[in-house]
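Subject: Structure for your review, with notes on its pockets, cavities and surface

Dear colleague,

I am passing on the structure we discussed, and below it you will find my notes on what came out of the analysis. Please read them beside the model itself.

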Amino acid sequence: MWTQLLARYRQPSTGRSLVEVGITLLPLVALWVLTWAALELVGYWLALPLAMAAAAFMVRLFLIQHDCSHGSFFRHRLANAWLGRALGVLTLTPHDLWRRTHATHHAYTGNLDRRGVGDVDTLTVEEYRARPLWRRLRYRLYRHPLIMFGIGPAYLFFLQHRLPVGLMREGWRPWLSAMATNVAIGLAAAVLIWLIGIKAFLLVHLPIMLFAASAGVWLFYVQHQFEPTYWEHDERWAYDAAALQGSSYYRLPRLLQWATGNIGLHHIHHLHPRIPNYRLQQALDDHAELRQVPTLTLWESFRCVRLTLWDERRRKLVPFAAVKRGET
């Protein structure tokens, strides 16, 4: 039903899409240059806030690449593909490789029997209890906020994306996507290092990418790790239910909603991934019932960090402490 109702929002506007690229990429470049200038002329006390502002535009650029991966940003497939590949050089994300794993995430989000590709690893309480001690400790470490939103994003974007992890045996295409992106990243970095020197390049670009990576992982996390949410085994799993109940409506302040490419309207995005990000709000405004879904505010979202395990008996996400206290 929802696929048909939302189909009228799926047509992108070429002009609007080009404007979205311009108002994201140009400020990013300007802030990058200003960060370097502040570093050289003033000091890091000014350069670091500018780097954080630049990171916000880098996140927005990634969300445009995300739309390209769904074929929703332009009408033509090749335009989406090549813009996505070009942006992937800036976001350190091989576009064709990420597009395949992200499509799997959309196809099976909330499905307990199809976990593990393109999503945050989530164990059930029974799976956690059945694991030996060292594997439980490894999962707890993976779920620690310092790892999940600090070290993890750096590893993901700087190291894991350099290889076709998860698709190593899927033929030459994933390897081509990863290696071609790596070569383009290397060339772009070499040019910038030649222009401003390796020290300045690292002091400017590393903070921007680290801030952006952490923010991106945070967004992805709270879009599916919240309460109440939706997980079902394959025989009971339903696509629309997973979208409406297992994808959050992250109600952000207007400026943050713009900076994150409306991705907080994630339940609508999962209902119809072909809707360009700049038409998601219109879809929400036209269908009041789409507001009657699990909703998170910015403040409420911070509580989601403690949710780590799916309790099949109670049908809810619970923290590790619940297992320790014997509540599950």
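Which helices each supply at least two residues of the lining of the largest pocket? Before I answer, please keep in mind that this is a predicted model. The helices in question are helix 3, helix 5 (95-108), helix 7 (133-143), helix 8 (145-158) and helix 10.

Pockets

The largest pocket has a computed volume of about 1,400 Å³. Its lining is made up of 49 residues, and those closest to the centre of the pocket are G118, D119, Y142, L156 and Q160. Sorted by class, the lining of the largest pocket comprises 28 nonpolar, 15 polar and 6 charged residues.

For the second largest pocket, the volume comes to about 610 Å³. There the lining counts 29 residues, of which A81, R85, H95, D96 and R99 are the closest to the centre. At least two lining residues of the second largest pocket come from each of helix 3, helix 4 (77-91), helix 5 and helix 9 (172-196), and the division by class is 13 nonpolar, 8 polar and 8 charged. Helix 3 and helix 5 therefore deserve a look in both settings, since each of them supplies at least two residues to the lining of the largest pocket and at least two to that of the second largest pocket.

Cavities

How many cavities of 30 Å³ or more does the model hold? The count is 2.

The largest cavity encloses about 110 Å³ of space, and the residues that line it are H105, T109, G110, D119, V120, F220, H224, Q225, T229, Y230, W231 and G246. By class, this lining consists of 4 nonpolar, 7 polar and 1 charged residues. You will recognise D119 from the pocket description, as this residue lines the largest cavity and is also among those closest to the centre of the largest pocket.

The second largest cavity holds about 40 Å³ of space, with a lining formed by L63, H66, D67, G261, I263, H269, I275, P276, N277 and L280. Helix 3 provides the largest share of that lining, namely 3 residues, and the classes here are 5 nonpolar, 4 polar and 1 charged.

Surface patch

On the surface, Y44, L48, M52, L203 and F211 make up a nonpolar patch whose accessible area is about 390 Å² together. Helix 3 (44-69) and helix 10 (198-222) each contribute at least two residues to the nonpolar patch, and helix 3 gives the most, with 3 residues. Y44 belongs to helix 3, and because its relative accessibility is 32%, this residue counts as partly exposed.

Backbone details

Some backbone values may be worth checking before you set anything up. As background, most residues other than glycine have a negative phi, and most peptide bonds are trans. Against that, the peptide bond leading from E227 to P228 is cis, with omega near -5°, and P228 lies in the loop between helix 10 and helix 11 (239-246).

L92, which is not a glycine, has a positive phi near 65° and is placed in the loop between helix 4 and helix 5. Is L92 buried or exposed? L92 is buried, because its relative accessible area is 8%, and the cut-off for that class is under 20%.

R315 likewise has a positive phi, of about 55°, although it is not a glycine, and its place is the loop between strand 4 (309-311) and strand 5 (316-318). With a relative accessible area of 40%, R315 is partly exposed.

One further residue

Lastly, V21 sits in helix 2 (residues 14-41) and is buried, since its relative accessible area is 14%. The C-alpha atoms of V21 and H106 are separated by 24 Å, while the two residues are 85 residues apart along the chain.

With kind regards

Notes: Residues are numbered from 1 along each chain as its sequence is written. This is a predicted model: local features need pLDDT of at least 70, side-chain atom pairs count only at pLDDT 80 or more; totals for chains, interfaces and linings use all residues. Side-chain values use heavy atoms; hydrogens and water are left out. Patches are made of residues with over 30% relative accessible area and no salt bridge: like charges are joined within 9 Å, nonpolar side chains (Val, Leu, Ile, Met, Phe, Trp, Tyr) within 5 Å. Accessible areas come from the Shrake-Rupley method with a 1.4 Å probe; for residues, only the protein chains shown count as cover. A salt bridge is a side-chain nitrogen of Lys or Arg within 4 Å of a carboxyl oxygen of Asp or Glu. Helices (H or I, at least four residues) and strands (E, at least two) are DSSP runs, numbered from the N terminus. Buried means under 20% relative accessible area, exposed over 50%, partly exposed in between (1.4 Å probe, protein chains only). On a 1 Å grid over the protein atoms alone, a cavity is a set of points where a 1.4 Å probe fits but cannot get out, and a pocket is an open set with protein on both sides within 12 Å along at least five of seven lines; lining residues have an atom within 4 Å of a point. Grid points are joined across faces, edges and corners, and a volume is the space filled by probe spheres set on the points. Ala, Val, Leu, Ile, Met, Phe, Trp, Tyr, Cys and Pro count as nonpolar, Asp, Glu, Lys and Arg as charged, and the others, Gly among them, as polar.
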